[in-house]
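Good morning, colleagues, and thank you for joining this meeting. Please look at the sequence and the structure on the screen as I begin.

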Amino acid sequence: MFPLNNAEKFIKARLGERQAKGAYRVLKPENGLIDFCSNDYLGFARSPVLKKLIDKEMESHQDYGNGSTGSRLLSGNTAYAERLEQEIAAFHQNEAGLIYNSGYDANIGLFSSLPQKGDTIIMDELAHASIIDGARLSFANRYNFRHNDLESLEEKLKHAKGNCYVVIESVYSMDGDTSPLREILELTERYDASLIVDEAHAVGLYKKGLVCQLELEHRVFARVVTFGKALGCHGAIVLGSALLREYLINFSRSFIYTTAAPFHQLASIKMAYRFLGSADDEIEKLKENISLFKKLLSHNKDFTFISSDSAIQCVILGNNNKTREMAAQLQNADLDVRPILSPTVPEGTERLRICLHTFNTKDEITLLADTLKEHNYAR
């Protein structure tokens with residue numbers, strides 16, 4: 001064995017610290033358990049119907065290659081990609097959109113390029129890591145406001161300088177709760193700020209997203225919609241004006257300097273949207289499963305739940321070890337529920353993040369509720 005160099009000593013020490021805190025992350029392969037952890041809310045990722053639609057779309061475009069061959073500003077752009085962007089924008093009732101390779105890329109590209117030095121970004125304190133990382137790469141002033149707290153937001157708006165961008169999620173990824181979207185929009189308009197909404201976990205449950213559900217699409221400055229949750233595939237799009245699209249093409253580094261998505265990814269996205277257009281039964285079934293889960297545990301006072309009407313239901317357990325132990329008990333009962341540990345969430349808010357799906361049966365949801373009651377660590 002060769003002695004560790006300074007960089008390796010640093011790596012080993014940091015990993016040791018993470019292990020000592022009970023927050024060490026490891027990759028795990030598929031396990032055959034009942035899925036209560038994935039973001040596949042409508043079951044699109046496992047849908048044989050969607051798979052056939054994608055296969056048929058691929059067969060009808062046999063001239064496309066295996067890869068895109070370059071960035072979209074070089075050799076990777078296609079008329080198919082541009083038509084798809086127009087179709088998705090129209091579905092969400094927006095003027096234009098620009099596809100990115102992932103939701104992380106979309107938020108990095110948007111928030112690192114749009115706000116400038118002297119501008120202001122005001123984020124909900126529970127905004128996704130990709131929003132935070134994108135904002136850090138800008139030269140703008142950055143502030144957080146207390147989660148879903150209008151008074152806290154207004155206090156920050158009073159001190160905003162330059163162009164001000166307020167950033168929220170419509171449904172929060174780690175808590176599952178919903179933003180007071182209409183009230184936040186009215187507040188941002190009062191202070192001449194631009195509202196940007198990440199709709200990653202809202203599309204599907206609200207079909208076109210919460211912004212469209214509330215008929216606010218023409219007042220929201222920009223939206224980020226991802227394709228890897230309810231749509232069951234991969235990628236993302238930034239929705240907004242045609243002017244914003246042109247700006248991102250010219251200044252968004254995570255768009256400019258990356259190889260474009262291959263045709264199969266684009267075909268999957270297109271067919272997923274076609275499937276979503278007729279997925280009212282799947283959406284209704286998801287809502288029924290959410291209601292069933294909440295009903296089964298509604299009278300149990302031993303659990304601390306985050307109030308949520310979304311597919312994401314969270315049980316707060318308060319520390320890493322307790323949360324990991326409870327998740328292990330559920331997995332032993334063939335229920336795939338994952339622990340969400342600090343530092344992913346703040347210390348003291350460690351939780352089980354339970355994701356409900358269209359394909360979960362009544363018996364599976366009942367088993368989950370009964371197992372939670374039986375192995376209750378939340379007292």
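What volume does the largest pocket have? Its volume is about 1,300 Å³, and I should state at once that this is a predicted model. The largest pocket is lined by 40 residues. Those that lie nearest its centre are Arg 25, Pro 339, Ile 340, Leu 341 and Thr 344. Several elements each supply at least two residues of this lining: helix 5, residues 129-137, helix 13, residues 320-332, strand 11, residues 338-340, and strand 12, residues 351-355. Sorted by class, the lining of the largest pocket holds 22 nonpolar, seven polar and 11 charged residues.

Let me turn to the second largest pocket, which encloses about 240 Å³ of space. Its lining consists of 14 residues, and Glu 17, Arg 18, Lys 21, Ala 23 and Pro 343 are the closest to its centre. Which element gives the largest share of the lining of the second largest pocket? Helix 1, residues 6-20, gives that share, with five residues. By class, the lining of the second largest pocket divides into seven charged, five nonpolar and two polar residues.

I now step back to the overall form. The protein contains 14 helices and 12 strands. Its C-alpha atoms fill a box of roughly 60 × 55 × 55 Å along the principal axes. For 379 residues, a compact globule would have a radius of gyration near 21 Å, and the protein, with 22 Å, agrees with that value.

Next, the sheet. Seven strands form an open sheet with mixed pairing, in the order 2-8-7-6-5-3-4. Why is one side of strand 2 and of strand 4 left without a neighbour in the sheet? Strand 2, residues 96-100, and strand 4, residues 141-145, stand at the edges and each have a single partner strand, so one side of each has no neighbour there. From one strand to the next, the twist averages 20°.

Within this sheet, strand 7, residues 222-226, pairs with strand 8, residues 236-240, in the antiparallel sense, over four bridges. Arg 223 stands opposite Leu 239 of strand 8. Elsewhere, helix 6, residues 150-157, lies across strand 3, residues 120-124, strand 4, and strand 5, residues 164-169. Helix 6 runs at about 160° to strand 4.

I come finally to the enclosed spaces. Rolling a probe the size of a water molecule over the atoms reveals where empty space remains. How many cavities of 30 Å³ or more does a search of the whole structure find? The search finds two.

The largest cavity has a volume of about 120 Å³. Among its 14 lining residues, Arg 72, Ile 99, Asn 101, Ala 260 and Ala 261 lie nearest the centre. Strand 2, which we met at an edge of the sheet, and helix 10, residues 253-256, are the elements that give two or more residues to this lining. The classes here are seven nonpolar, six polar and one charged.

The second largest cavity holds about 30 Å³ of space. Tyr 80, Arg 83, Leu 84, Glu 87 and Lys 270 line it. Helix 3, residues 79-91, provides the largest share of that lining, four residues. By class, this lining has two nonpolar, no polar and three charged residues.

Thank you for your attention.

How values were computed:
Residues are numbered from 1 along each chain as its sequence is written. This is a predicted model: local features need pLDDT of at least 70, side-chain atom pairs count only at pLDDT 80 or more; totals for chains, interfaces and linings use all residues. Side-chain values use heavy atoms; hydrogens and water are left out. Two strands pair if DSSP finds at least two bridges between them. Axes are lines fitted to C-alpha atoms, for helices over the stretch in contact, and angles run from 0 to 180 degrees between N-to-C directions. Contact means heavy atoms within 4.5 Å. On a 1 Å grid over the protein atoms alone, a cavity is a set of points where a 1.4 Å probe fits but cannot get out, and a pocket is an open set with protein on both sides within 12 Å along at least five of seven lines; lining residues have an atom within 4 Å of a point. Grid points are joined across faces, edges and corners, and a volume is the space filled by probe spheres set on the points. Ala, Val, Leu, Ile, Met, Phe, Trp, Tyr, Cys and Pro count as nonpolar, Asp, Glu, Lys and Arg as charged, and the others, Gly among them, as polar. The radius of gyration is taken over C-alpha atoms; the globule rule is 2.2 Å times the number of residues to the power 0.38.
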